Amino acid sequence: MQPLTTQMILVMVMIGIAIFLFIVEWIRVDVVAILMMVALPLLHLVTPKEAFSGMSSNAVISIIAVIIIGAGLDKTGLINRLVGPILRIAGTSKSRVVIAISVTVAGISSFMQNIGAAALFLPAIQRISKTTKIPLSQLLMPIGFSAILGGTITLVGCSPLILLNDLLEPFGLKPFHLFDVTPIGLALVASGLACFILLGRFILPQGSAESDEEESQDFLKNTLIEMGESYEIQTPVNYTDYREPVLVDDLKRRYLVNVLAMTEPPDFKVLSPTGDQEVRSDVHLLVYGRKKDIQRMVEVEEMRLKEAPDIFKGETEEGASGTVEAVVAPRSSLIGKTLREINLQDRFRVTPLAIYRGEEAYRAEIGDVPLSVGDAILIHGEWKRLQVLQHERSLLFTTPIDVELLRPEKAIFAGFWLAVALSMVLIFNIQLSVSLMTGALGMVVTRVLSIDEAYQSVDWRTIFLLAGLIPLGIATEKTGTAAWIAHAILCAIGDVQPIVLLTVIGVLSTIFTLVISNVGATVLLVPLVVNMAIAAHVDPRMAALVVGLATSNSFMLPTHQVNALYMGPGRYRSVDFMKAGLVISIVFIVVMIGMIKLIYGV
Amino acid sequence: MAIITISRGSYSKGKEVAEKIAFRLGYRCISREVLLDASEHFHIPEIKLVRAIHDAPSILDRFSHSQQAFIAYIRYALVQYVKEDNVVYHGLAGHLLLKGIPHVLKVRVIADLADRVRAEMKREMISEEEARSLLLKDDEERRKWTYALYGADPWDSSLYDLVVHVHKLTIEDAVEIISDAAVRAPFKTAKQVQQKMDDYGMACQLKAGLAHSFDNVGVKSEYGNILVYAKGNEHHVQRVRKKAKEIAGKMEGINELEVHAAHKLPPNFV
């Protein structure tokens, strides 16, 4: 065995720092990655060229291309159109709903970012939960887990797998093909689903809002069921004569009624009026609220409720404005801030109506609620304003923004370029990054999305996380640290069966991915396990594959982005993830090792 | 048709003024009744309530959980009287406990320290030195109490509508001035004001119910929409929510109830 050098110790210290920072999260994970990218060449552990080689790696280019292709598919509404038919197939039986949506989500997740696939179906799942009375907690976890598992179906399904070929390169090992992992991925999705169908009642939280308490008073019932609607009302001619001035905010506080638009004499219309605007005599208001709240207001304030919108007919038409649900995404800059601080009203001229957190609906003084991951905000506004808000990308829009903004006529091009990219990989055996970038470029050229939209869709946090951690992998390998640790471990455990070694690697990867991010786990573990496998005379490609797959085995803690997103709406506690996650994680490792043995005969 | 609170230091003649106003206007004069009611309603010994509303908070200017709860009970009991209208309250901290009701005539009656010392010496049969030190200590306690709970100094005249110094003005003068003020328009119970009274009553009732189990909870009601702010994590808020719904289920006139997590409790909350 090689002696331990100063450089090796330095690399181990850097790994330690990275892991430490990943766990404590004093700085964001992508910043940790950039720190590594800068610190490693400064310590002469890698050359400056190597330090930034991550930026030009196939993995980074592939992920950029995958994101652009995903955005293109999203833009054409191709995926949104799936939702309707899927729901019809699903019907109202719980198992069928879970299977239908999970399979679709897994399929989408296999060539899109997992979080995107998970977010897409969130509002639909919430609707189903309401109409079928199946508790949301029974639906979201199986579907969320399927989104993560779906990432293992193709080599572009999740970041660790995209990264895998790049990490194998320094060892001169044969790269994997796009669909090499497909049988394993499908088996994983199927086994995960089977677990939930068969064991669901043991591993899923059983709490149901309806059965909790049966009370007669309205406000005690599950308020989520009752969404609001917009109504047009008129104030009497003498409205301001005999009462104190009533402001827009007063109506909101007293009756939980939001003013969406208001006429201003002589004939102006104010959209999304600010809270301090006064409600005058003989004006028309477009308001949003629940029927009973509106009725109460009309009665107390002596207003007139109109049958149908009249003055604001144009504004309420389908194409002009609407109400959307937007979820606070993991790592969003809005976490911890209040709506008052974000000031949607002034900045975007849209009106936040309610915040949904778990089973609770917040309507009163929502401006003061500090936002957390998974909160769904109901927002009303003109489509074009909402679109501007969506472009800011701090909120995940779960309701598809108006059809007009989508480009359904481009769906055929989007589908075509996806097919081109895939066939380049499959039939002509062209490298993944080149093929995918061709597909992305094709979409831009055929105007499925503009080049600016393509740039905007790229999530730079993911890119820098990948690119920044790659030099850490290089340093681990180049300095011989990986080999040293691998030998040390092998010496400690002695000779083992290949299958046992792979299982150990699987368990190790699972633990790593739960604590540090999946990308971090992959970058650190692949050089290590390849060395271990070579020394133990096991196929090193399989060892790396186990890492690539098992880093998606992130179910026991809500650290994975998808789990974080679903935790709020599903009202899960960490212990719920531990219970279901433990079962799924064990099944995951067993199925993965079984499938690898079956297919590759290790 | 008015609510008058008379804030006073000990031996400042406030009690006599209050009683005479009540007699003159035909109002009800209340002070200790409130504590007795709270004591009976919530099964707390009166002495504990007196301490909560009189003694300054112990360390770090913070009230203990039980002190906070006791204050909520007292406020609840006081609001029950006030709801009936036409009352003169000369117990402690009335102007602060009824902060959410707009048409309260807040009066402070003060007297010269020398007069007060003399009165105390006579009643308690103690030396001048002792009487003076007792009075000063008492004033200081009040100051600390008010400051800890409301961030205000009881000697700050902007807290009141009227400050009457009983020295050159006699007790009768004070009674006349205050009675005259009480019948003026801003202090009449109008329709909108009734709504605020009802809201305040509901908020106080819910707060009194919650205060037993939770501290750092703020309650506000507007037109029957009750908003509860609770400091703490989501799990804690969930517990507050459950309890609040349970209490609210037995109350009348509630339109909507929401419980939010909050970093800090706004000052306009009960």
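In the predicted model, strands β2(A) and β3(A) are joined by a hairpin that passes through 3 residues. Strand β2 of chain A spans residues 258-264 and is held to β3(A) by 4 bridges, the two strands running antiparallel. Among the paired positions, A:A261 has A:L271 of β3(A) as its bridge partner, while A:E264 is partnered in β3(A) by A:F268.

This hairpin belongs to an open sheet of 5 strands in chain A, in which the order is β3-β2-β4-β1-β5 and the pairing is antiparallel. The edges of the sheet are formed by β3 (268-271) and β5 (304-305) of chain A; each has a single partner strand, and therefore one side of each is left without a neighbour in the sheet. Helix α13 of chain A, residues 291-300, lies across β1 (229-234), β4 (284-289) and β5 of the same chain. The direction of helix α13 is at about 145° to that of β4(A).

Chain A as a whole contains 27 helices and 10 strands. Of its 602 residues, 50% are buried. Among contacts in chain A with a separation of 6 or more, 80% are between residues 24 or more positions apart.

The largest nonpolar core comprises 267 residues. Within this core, the residues that touch the most other members are A:A118, A:L466, A:V529, A:A543, A:V546 and B:I74. Helix α4 of chain A (residues 58-75) supplies the largest share of the core, with 12 residues. In chain B, domain 1 (3-187) and domain 2 (191-261) both contribute residues to this core, so the core lies between them. The surroundings of A:A118 illustrate the contacts of one of these core members: leaving aside residues up to four places away in sequence, A:A118 touches A:V105, A:G144, A:A147, A:V562, A:L565 and A:Y566.

Contacts between the two chains involve 16 residues of chain A and 15 residues of chain B. On the side of chain A that touches chain B, the largest share, 3 residues, is provided by helix α12 of chain A (residues 248-255). By class, that side of chain A consists of 8 nonpolar, 1 polar and 7 charged residues.

Technical notes. Residues numbered from 1 in each chain as written. Chains lettered and ligands numbered in written order. Predicted model: local features only at pLDDT ≥ 70, side-chain atom pairs only at ≥ 80, totals over all residues. Core = buried A, V, L, I, M, F, W, Y, C linked by C-beta atoms within 7 Å. Buried ≥ 20, exposed ≤ 12 C-beta atoms within 10 Å, placed from the backbone. Domains from an automatic or database assignment. Contact = placed C-beta atoms within 7 Å. Nonpolar A, V, L, I, M, F, W, Y, C, P; charged D, E, K, R; others polar. Pairing = 2+ DSSP bridges. Axes fitted to C-alpha atoms, helices over the stretch in contact; angles between N-to-C directions.
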